[in-house]
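What follows is a guided reading of one protein chain, moving from the chain as a whole to one pair of helices and the loop that lies between them.

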Amino acid sequence: MKKLAQIIVAALLLLNLTGWKAFVVFLPVIVFVTAFGFFVFELSESLIKGVLLHFALSVALSFISGCMYPIYFFPESVQKAAVYLPTSMARSQLSVLITGEPAGYEWAVLLSLSALLFVLSALVRRHKIAQSGR
């Protein structure tokens with residue numbers, strides 16, 4: 001009986017994760033992760049430095065925003081600051097699919113941050129090209 005209940009719950013989650021709603025919820029998160037990675041790799045001088053910087057920043061931001069440990073694990077000051085981190089907003093955006101709550105402002109903030117990161121990446125690349133004299 002327990003196995004049947006697990007299969008039913010998994011099927012309901014899969015049904016909830018498909019379709020237009022999943023696309024709308026996942027899109028800002030995917031765009032932000034892409035913009036963040038692009039910006040980090042533009043800042044780095046080599047591929048290895050870029051991978052290490054991206055890994056370190058991703059792990060640190062995910063840890064502080066409550067993706068690895070529950071947010072109540074941290075001191076109150078970190079809990080208050082974590083709400084404003086983009087990784088916390090991405091986690092909240094993805095939790096909309098499971099909890100069924102209406103999406104908040106997170107999608108707009110994630111898309112705005114993504115646009116800002118893409119613009120900053122273009123400026124960094126323009127600066128690198130100007131310095132190299134090409």
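Two residues are said to be in contact when heavy atoms of theirs lie within 4.5 Å. With that in mind, this predicted model can be read first through its contacts: among those in the protein chain between residues at least 6 apart in sequence, 57% join residues at least 24 apart. The chain has six helices and zero strands, so that, as helices are numbered from the N terminus, the order of its elements reads α-α-α-α-α-α. Of its 134 residues, 25% count as buried, and the protein chain exposes about 9300 Å², of which carbon and sulfur atoms supply 74%.

Consider now the pair α2 and α3, whose axes are 8 Å apart and which pack at an angle of about 135°. An angle of that kind falls neither under 35 degrees nor over 145, nor within 65 to 115, and the two helices are therefore oblique to each other. The crossing in which α2 passes α3 is right-handed. On the side of α2, the residues that take part are F36, G37, V40 and F41, and they meet residues of α3 including L47, G50, V51 and L53.

Between α2 (20–43) and α3 (47–64) runs a loop that holds S44. Is S44 buried or exposed? Its relative accessible area is 9%, and because buried means under 20%, S44 counts as buried. Leaving aside neighbours within four places in sequence, S44 is in contact with K49, G50 and K128, while a polar atom of the S44 side chain lies 3.5 Å from the backbone oxygen of S46.

Key: Residues are numbered from 1 along each chain as its sequence is written. This is a predicted model: local features need pLDDT of at least 70, side-chain atom pairs count only at pLDDT 80 or more; totals for chains, interfaces and linings use all residues. Side-chain values use heavy atoms; hydrogens and water are left out. Helices (H or I, at least four residues) and strands (E, at least two) are DSSP runs, numbered from the N terminus. Buried means under 20% relative accessible area, exposed over 50%, partly exposed in between (1.4 Å probe, protein chains only). Accessible areas come from the Shrake-Rupley method with a 1.4 Å probe; for residues, only the protein chains shown count as cover. A polar contact is a pair of N or O atoms within 3.5 Å; within protein, one must be able to donate a hydrogen and the other to accept it, and residues adjacent in sequence count only if both atoms are side-chain atoms. Axes are lines fitted to C-alpha atoms, for helices over the stretch in contact, and angles run from 0 to 180 degrees between N-to-C directions. A crossing is left-handed if the near helix is turned anticlockwise from the far one by less than a right angle, and right-handed if clockwise.
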